[in-house]
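Student: Hi! I have a new model open and would like to talk through its fold. Can you walk me through it?

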Amino acid sequence: MDSAAWGEKVAKHSRVFKPAGPGPFPVALILHGCGGKTPFLEDYARVAVQSGWAAVVVDSLKPRGMSTLDAKLFVCTGVALHGLKRAADIFAMLTWLETQGWADPHRVFLAGWSHGGWTIMDSYAVGRSAARGTTLVDADPAKLRARVKGTLLVYPYAGYGSLTASRGWGEGAPPVWSVLAGKDQVVGWKAPAKALDRLVADGLSVDRVLHADATHAFDDNRANDPRARYRPDLFEAVQGYFAEALGRCL
């Protein structure tokens, strides 16, 4: 499938948030974790709107005919939809934004939580092999590098199968803002830190926040993992951090 067709399919199941007025607005693409869209991401979308950005909470499950149960059984266990395959959604949405009069397709910010962070990282690390890796025939790494002005990675998965620590992102990659959790029971903090170290070594601008006593999904009050501990104070802090990053990228 090509980017235009897949972008239309993904957009159909995604939710758009826009500031008042006709635009065009810079756009934040928000990518959910392995379990699918949950309401807390819409709060982040509203932060983007308050910062002058439109936001799209991208649904990567419904376009593939996957339910939340499928996500728990197959995506969260690593059986299906690895970050590299899901990166097709990013390339496709960049093309879809070109057709939206309210959007400035040349000013995009990528924000990903957990599996969504993995997706963002692999979209850069795959480099010139993007079309083969995503199976999206016209996935264009040059468009990704030219249009994305910043990224936010919140407790991103960076373990086995993730490409960033071994490959880096190459030239032309955007600044990175990142949030890690010191008591992360799902992805840990060491593997994400190693991936970020690689980006720093390659000369990228990387800002890091480590919440030492936070678990995975600390900002999701409906997290499906019983080990997660919701922290409204840290949720508020990360919203502020996101707003700061968006402001820096305007």
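Tutor: Here we go through the sheet, the helices, the largest pocket and two backbone details.

Tutor: Keep in mind that this is a predicted model.

Student: Let's start with the sheet. What is the order of its strands?

Tutor: The sheet is open and has 7 strands, in the order E1-E3-E2-E4-E5-E6-E7. The pairing is mixed.

Student: And which strands are at the edges?

Tutor: Strand E1 (15-17) and strand E7 (206-211) are the edge strands, and each pairs on one side only. From one strand to the next, the twist averages 15°.

Student: How many bridges join E6 to E7, and do they run parallel or antiparallel?

Tutor: There are 6 bridges between strand E6 (residues 176-181) and E7, and the two run parallel. As an example of a partner, Trp 177 is bridged to Asp 207 in E7.

Student: Which strands does H2 touch?

Tutor: H2 packs on the sheet and touches E1, strand E2 (25-31), strand E3 (54-58) and strand E4 (103-113). The direction of H2 makes about 30° with that of E1.

Student: What about H5, which strands does that one touch?

Tutor: H5 also packs on the sheet, where its contacts are E1, E2, E3, E4 and strand E5 (148-154). Relative to the direction of E4, H5 makes an angle of about 150°.

Student: Now helix against helix. At what angle do H1 and H5 pack?

Tutor: Helix H1 (residues 3-12) and helix H5 (residues 88-97) pack at about 95°, and their axes are 7 Å apart. H1 is therefore roughly perpendicular to H5.

Student: Which residues meet there?

Tutor: On the H1 side you have Ser 3, Ala 4, Trp 6, Gly 7, Glu 8, Val 10 and Ala 11. They meet Ala 88, Asp 89, Phe 91, Ala 92, Met 93, Thr 95 and Trp 96 in H5. By class, this contact of H1 with H5 has 9 nonpolar, 3 polar and 2 charged residues.

Student: Changing topic: how much space lies in the largest pocket?

Tutor: About 710 Å³. The pocket is lined by 36 residues, and the closest to its centre are Cys 34, Gly 35, Cys 76, Ser 114 and His 216.

Student: Which elements give two or more residues to that lining?

Tutor: Those are helix H2 (40-50), helix H3 (68-75) and helix H6 (115-125). The largest share, 3 residues, comes from H3.

Student: And how do the lining residues divide by class?

Tutor: They divide into 15 nonpolar, 15 polar and 6 charged.

Student: Last topic, the backbone. Where is the cis peptide bond?

Tutor: It joins Gly 23 and Pro 24, with omega at about 5°. Pro 24 sits in the loop between E1 and E2.

Student: Which residue has a positive phi although it is not a glycine?

Tutor: That is Tyr 155, with phi at about 30°. You'll find Tyr 155 in the loop between E5 and helix H9 (164-167).

Notes:
Residues numbered from 1 in each chain as written. Predicted model: local features only at pLDDT ≥ 70, side-chain atom pairs only at ≥ 80, totals over all residues. Heavy atoms only, no water. Axes fitted to C-alpha atoms, helices over the stretch in contact; angles between N-to-C directions. Helix = DSSP H or I, 4+ residues; strand = E, 2+ residues; numbered from the N terminus. Parallel < 35°, antiparallel > 145°, perpendicular 65-115°, else oblique. Contact = heavy atoms within 4.5 Å. Nonpolar A, V, L, I, M, F, W, Y, C, P; charged D, E, K, R; others polar. 1 Å grid on protein atoms, 1.4 Å probe; cavity = no way out; pocket = protein on both sides within 12 Å on 5 of 7 lines; lining within 4 Å. Points joined across faces, edges and corners; volume = space filled by probe spheres on them. Pairing = 2+ DSSP bridges.
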